[in-house]
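Please open the model in a viewer and keep a selection panel at hand. The stops below are arranged so that each selection leads to the next.

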Amino acid sequence: MFSRAYRIAITLPPLVWVILFLLLPYALLFCYSFWSVSAVQTIIHSWTLDNYRELLRVNVYLQTLFRSMWIAARVTLFSLLLGYPLAYYLSFYAEKRKEFFYQLVIIPLWVSYLVRAYAWKTILGSDGVLNTLLQYVHLTSHPLNFLLYSPFAVVLTLTHIYTPFTFLPIYAALEHIPRNLIEASHDLGAPPLQTFWRVILPLSIPGVLAGATFAFVLSLGDFLAPLLLGGPSGIMISNIVVSLFGAAYNWPLGAAISFCMLALVIGLLFFSERLEKRWGFR
Amino acid sequence: MASAIHPEVSAKTANPTTRSLLSIRNIGKSFGRTPVLRSISLEIAEGEFLTILGESGSGKTTLLRIIGGFETADCGEIVMAGERLDRLPPYRRRVNTVFQYYALFPHLTVEENVSYGLRVAKLPKEEVAARVEQALAMVKMSAFANSKPAKISGGQQQRIALARALVNRPRLLLLDEPLSALDANLRRQMQVELKSLQREVGISFVFVTHDQDEAMVMSDRIALLRMGELEQVASPREIYDRPATVYTAQFIGHTNLLRGEVKGGIARCHSLSWPVNLPDGPVLFSLRPENIHFAAGMQGAVKFRAKLCSQIFHGATELLQVQCTDGLMLSLRTSTRASRDEDLDLEFLPAAAVPVRESGQGKKRD
């Protein structure tokens with residue numbers, strides 16, 4: 001339909017972009033993961049599987065990876081528990097206030113991640129808003145220390161940051177449910193709750209899966225929240241990667257860990273894609 | 001459509017009884033400040049096929065949705081078998097609906113769609129299976145039990161929607177323009193099937209359509225709705241032969257409108273005159289094109305002479321436009337061709353000219 005030159009002209013720029021800024025760096029990283037570092041901290045360009053062996057041998061890497069997954073799982077769960085009812089309310093009951101509430105969900109996305117993370121710091125710290133309040137009303141006599149610099153703080157912050165990401169696909173899925181299906185369900189004798197379980201929930205599953213994937217993948221790779229609010233017990237896998245590429249100067253090991261995570265995430269995306277297809281009907 | 005879904009009623013050839021099933025009393029409804037229905041009262045008999053006919057915006061779908069429970073009326077009441085229906089939520093009404101675009105659940109198979117109502121009602125598994133099988137056989141869709149709705153055609157989806165509603169054995173079935181999405185041939189076929197199915201199950205059908213022909217073919221009675229008011233409620237034959245208003249006469253079939261005057265038992269319209277049994281005053285008559293004939297000397301017929309203006313071939317009939325010697329234009333339907341050169345001698349029986357009211361007369365509209 002289009003001339004050959006035209007087709008090349010429109011496909012070339014994005015192709016170059018992807019190759020230059022995505023595939024090449026990944027390829028380089030992939031190579032790094034099979035190289036090693038000498039005692040004087042130079043990269044030895046000979047192939048070895050040592051980095052991957054190291055990764056499996058030293059407990060802290062796997063432990064941190066599992067902790068990261070556990071944190072990401074909790075973030076996913078909580079942001080679904082917050083995002084779904086919100087999306088449900090907006091889609092079915094908000095009516096004229098729909099646009100307003102929608103903007104309320106979107107606006108925080110315009111605020112820098114860092115600002116939002118620091119906001120939680122001022123809320124959760126030992127002199128923070130929450131502790132001051134709790135002491136003021138005499139619920140506690142000392143500041144609660146587990147609030148900040150803990151996995152709790154990380155889960156809370158990440159949930160706050162990623163709930164819009166679960167909300168949006170769920171909201172889109174709910175908006176796409178033809179309203180006459182809900183009427184049909186009522187017509188066939190199903191009260192609202194049964195209609196929810198039998199019709200609305202199954203039809204919104206693709207949105208839930210997409211939202212859960214967002215929340216899980218994004219929070220799994222997060223390093224700012226654990227850095228600012230996690231403390232020693234809230235370290236996540238990305239923090240280790242950051243330090244390996246920085247102070248520790250062990251790029252090959254860092255690359256190996258990165259690649260394991262990449263493989264994990266790609267596997268996850270693939271899996272959720274399959275699930276979404278299985279639950280998609282049109 | 002072989003096996004009967006209602007063994008107890010299928011035995012009799014369900015002629016509509018005169019026993020009233022549903023009473024609609026003074027139902028009114030506005031959307032914002034726009035009135036959609038104004039004081040609608042209507043009785044629906046057991047086993048009756050009633051069609052609510054009207055143009056888009058006449059309020060016909062709103063009326064159906066009020067019966068189904070998807071809209072609340074501003075005033076009036078609906079009583080079914082002695083029980084106030086309009087106070088129940090839709091899921092407690094023994095009424096089922098066939099929606100305009102079928103509204104089949106896309107995540108469920110045909111079988112799961114049809115069994116939905118029975119499963120919600122928590123009927124025993126064996127009974128559910130038996131009734132679903134019966135319902136699918138009734139609409140000739142047994143072979144598609146395990147298909148998803150997206151995989152079957154529009155006409156097939158239509159049948160499933162019907163089976164899904166009828167399997168619950170409702171007292172009343174509401175159908176919201178169920179055939180409008182089908183192509184013309186399939187539509188005619190479904191009209192016949194739907195009508196015979198209704199006779200078979202003996203359930204009252206309330207059928208909403210904007211298609212006059214569809215209404216004529218299928219209904220026991222037609223309720224013609226115009227701008228939220230009932231224009232006329234009568235059998236198809238009566239509504240066609242004896243339209244009460246100008247709107248009815250023009251909306252259902254073609255007609256000639258003759259404006260004239262009655263004086264001393266004689267109606268005059270242009271140069272035509274015939275005896276009538278009406279009070280003096282201005283009057284409007286509806287004269288169907290097929291009731292004007294070539295003169296054959298019928299007893300008491302009104303005779304006149306006219307010139308042929310145009311002739312349109314309609315297959316079985318010809319539609320002629322003629323101009324009477326006094327300038328009056330009439331259309332008439334015949335089975336024979338007329339020649340253009342000579343004047344035509346025509347006639348009609350006085351009884352064929354039906355006096356009609358101006359629509360909305362006597363009632364102030366805003």
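Begin at the largest pocket, which holds about 370 Å³ of space in what is a predicted model. Select A:Tyr88, A:Phe92, A:Tyr93, A:Ile182 and A:His186: of the 16 residues that line the largest pocket, these are the closest to its centre. Next, colour helix H3, helix H8 (179–187) and helix H9 (192–220) of chain A, the elements that give two or more residues to this lining. H8(A) supplies the largest share, 4 residues. By class, the lining of the largest pocket divides into 8 nonpolar, 4 polar and 4 charged residues.

**The whole of chain A**

Zoom out and select chain A. Its secondary structure comes to 12 helices and 2 strands. Followed along the sequence, the elements of chain A run α-β-β-α-α-α-α-α-α-α-α-α-α-α. With the principal axes as reference, the C-alpha atoms of chain A fill a box of roughly 75 × 75 × 35 Å. Of the 282 residues in chain A, 43% are buried. If contacts in chain A are restricted to residues at least 6 apart in sequence, 68% of them join residues at least 24 apart.

**Helix H2 of chain A**

Now select residues 50–57 of chain A, which form helix H2. Which residues of this helix are buried? They are A:Asn51, A:Tyr52 and A:Leu55. These three lie on the same side of H2(A), because they cover an arc of only 100° around the axis. A general point of geometry is relevant here: an α-helix has 3.6 residues a turn, so residues three or four places apart point the same way. Turn the view to the other side of H2(A), where A:Arg53 and A:Arg57 are exposed. To see what the buried residues of H2(A) pack against, display helix H1 (4–32), helix H3 (59–92) and helix H12 (251–279) of chain A.

**The enclosed space**

Keep A:Leu55 selected, since this buried residue of H2(A) is also one of those that line the largest cavity. How many cavities of 30 Å³ or more are there? The count comes to 1, and the largest cavity has a volume of about 50 Å³. To complete the lining of the largest cavity, add A:Tyr61, A:Leu62, A:Leu65, A:Ile237, A:Ile257, A:Cys260 and A:Met261 to the selection. H3 and H12 of chain A are the elements that give two or more residues to this lining. The lining of the largest cavity has 8 nonpolar residues, with no polar and no charged ones.

**The interface with chain B**

Display both chains and select the residues in contact across them: 20 in chain A and 22 in chain B. Between them, chain A and chain B bury about 1,900 Å², of which 62% is on carbon and sulfur atoms. On the chain A side, highlight A:Asp187, A:Leu188 and A:Arg198, which lose the most area to chain B and together account for 37% of what that side buries.

**The whole of chain B**

Finally, select chain B alone. It has 9 helices and 20 strands. The C-alpha trace of chain B spans about 75 × 45 × 40 Å along its principal axes. Among the 366 residues of chain B, 52% count as buried. For contacts in chain B with a separation of 6 or more, residues 24 or more positions apart account for 67%.

Note on methods
Residues numbered from 1 in each chain as written. Chains lettered and ligands numbered in written order. Predicted model: local features only at pLDDT ≥ 70, side-chain atom pairs only at ≥ 80, totals over all residues. Heavy atoms only, no water. Buried < 20%, exposed > 50% of the residue type's maximum accessible area, 1.4 Å probe, protein only. Arc of directions from axis to C-beta. Contact = heavy atoms within 4.5 Å. 1 Å grid on protein atoms, 1.4 Å probe; cavity = no way out; pocket = protein on both sides within 12 Å on 5 of 7 lines; lining within 4 Å. Points joined across faces, edges and corners; volume = space filled by probe spheres on them. Nonpolar A, V, L, I, M, F, W, Y, C, P; charged D, E, K, R; others polar. Buried area = accessible area lost by both parts, 1.4 Å probe.
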